Amino acid sequence: MKKLNAVEVRNLSFSYDPQVKTKTIDGVSFSIPSGSYTTVIGHNGSGKSTIAKLLLGLLEKAEGEIFIDGLELNLENLREIRGKIGIVFQNPDNQFIGSTVRDDIAFGLENHCVPQREMDGIIEKFAARVNMSDFLNSEPTKLSGGQKQRVAIAAVLAMRHDIIVFDEATSMLDPTGKREINNLIKELHKDKRLTVISITHDIEEVAQSDNVLVVNKGKIALVGTPKEVFRNEKLMESMQLDIPFVYKVRNALRKKGIRVSDELDMERMAEEVCRYVLKK
């Protein structure tokens, strides 16, 4: 039996102001495989965060169809779909409800009528998964940015969603916090039952994902693996998007006729270039 895509979008359109001719999202179609780690990139105002809100039913589409795990997103299925997909926003302070980390993780469970006798075990399990077990009785306001985002992630994980959307979840963090959360996202992706969708400006995170959607002016400009997308250096530059330094070097070497593998990091690439020079 063919496995369903986690997300299927067909001819999706949306505008914040119906009177404006230019649509925020204009006839977009794409699919996201179950169990994949997909990054969504685009310059500010391209529409990528709007797509995330449409997937969760936080905004109402103008046209098109959205399917989450095979279910069409509509009023009839909205409750069931929100049990399948969760979101972590860029500012964790906007997601805190409780006076302690424990209370905050418990909030969603209480709304879903999880019995109290089961709740503590669930809270402790997911706090441990994001390395926040020692902070369960701490006030969220006293935590670092990275720690706050870990709590927000634990709260979403505790709901046992099949799909988690990270909406620029590292954009407000310092380099240490960003590295912590990106590492955590990679760890979560090892659980192949979980589909990760990350809307991000972090091009190094994009390089670690399975698939990339490039959004430009409300349309999908590129779709593919990071390698496939980063080969289009000129197109990326035209959309004011960068590519990782290692890909810039690789593309430049190939233009010079030096063959280098797709799998090389900078150190091994330097070794290949040295071998090439010695052969000349």
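Contact here means heavy atoms within 4.5 Å. With that in hand, start with the whole chain on screen, and keep in mind that this is a predicted model. Taking contacts between residues at least 6 apart in sequence, 61% join residues at least 24 apart.

**Stop 1: the whole protein**

Show everything as a cartoon and you should be able to pick out 11 helices and 10 strands. The radius of gyration is 21 Å, close to the 19 Å that the globule rule gives for 280 residues, so the protein is as compact as a globular protein of that length. Turn the C-alpha trace onto its principal axes and the spans come to about 70 × 50 × 40 Å. If you colour by accessibility, buried residues make up 47% of the 280.

**Stop 2: helices α4 and α5**

Select residues 116–129 for α4 and residues 145–158 for α5. How far apart are their axes, and at what angle do they pack? The axes are 9 Å apart and the angle is about 135°. That value is neither over 145 nor within 65 to 115 degrees, and the two helices are therefore oblique to each other. Look at the handedness while you're here: α4 passes α5 in a right-handed crossing.

Now switch on side chains at the contact. From α4, show Ile122, Phe126 and Arg129; they meet Ala154, Leu157 and Ala158 of α5. Sorted by class, this contact has 5 nonpolar residues, no polar ones and 1 charged.

**Stop 3: helix α3 and the residue after it**

Next, select residues 101–111, which make up α3. Its buried residues are Val101, Asp104, Ile105, Ala106, Gly108 and Leu109. What do they pack against? Bring back the helices from the last stop: the buried residues of α3 pack against α4 and α5.

Step just past the end of α3 to Cys113, where phi turns positive, at about 55°. This is a residue other than glycine, and Cys113 sits in the loop between α3 and α4. Is Cys113 buried or exposed? With 65% relative accessibility, Cys113 counts as exposed.

**Stop 4: Lys217**

For another positive phi, jump to Lys217, where the value is about 55° although the residue is not a glycine. Lys217 lies in the loop between β9 (211–216) and β10 (219–224). Lys217 has a relative accessibility of 66% and counts as exposed.

**Stop 5: Thr195**

Now head inside. Select Thr195, which belongs to strand β8 (residues 195–199). Thr195 is buried, with a relative accessible area of just 2%. Which residues does Thr195 touch, leaving aside those up to four places away in sequence? Show Ala6, then the run Ile32, Pro33, Ser34, Gly35 and Ser36, and finally Asp162, Ile163 and Ile164. Add Ile85 to the view too: its C-alpha atom is separated from that of Thr195 by 9.2 Å, with the two positions 110 residues apart along the chain.

**Stop 6: Thr170**

Finish at Thr170, in the loop between β7 (163–167) and α6 (175–189). Although Thr170 is in a loop, it is buried, with a relative accessible area of 6%. Not counting residues up to four places away in sequence, Thr170 touches Lys178, Ile181 and Asn182, so select those three as sticks to see the contacts around it.

Key:
Residues are numbered from 1 along each chain as its sequence is written. This is a predicted model: local features need pLDDT of at least 70, side-chain atom pairs count only at pLDDT 80 or more; totals for chains, interfaces and linings use all residues. Side-chain values use heavy atoms; hydrogens and water are left out. Axes are lines fitted to C-alpha atoms, for helices over the stretch in contact, and angles run from 0 to 180 degrees between N-to-C directions. Helices (H or I, at least four residues) and strands (E, at least two) are DSSP runs, numbered from the N terminus. Angles under 35 degrees count as roughly parallel, over 145 as roughly antiparallel, 65 to 115 as roughly perpendicular and the rest as oblique. A crossing is left-handed if the near helix is turned anticlockwise from the far one by less than a right angle, and right-handed if clockwise. Ala, Val, Leu, Ile, Met, Phe, Trp, Tyr, Cys and Pro count as nonpolar, Asp, Glu, Lys and Arg as charged, and the others, Gly among them, as polar. The radius of gyration is taken over C-alpha atoms; the globule rule is 2.2 Å times the number of residues to the power 0.38. Buried means under 20% relative accessible area, exposed over 50%, partly exposed in between (1.4 Å probe, protein chains only).
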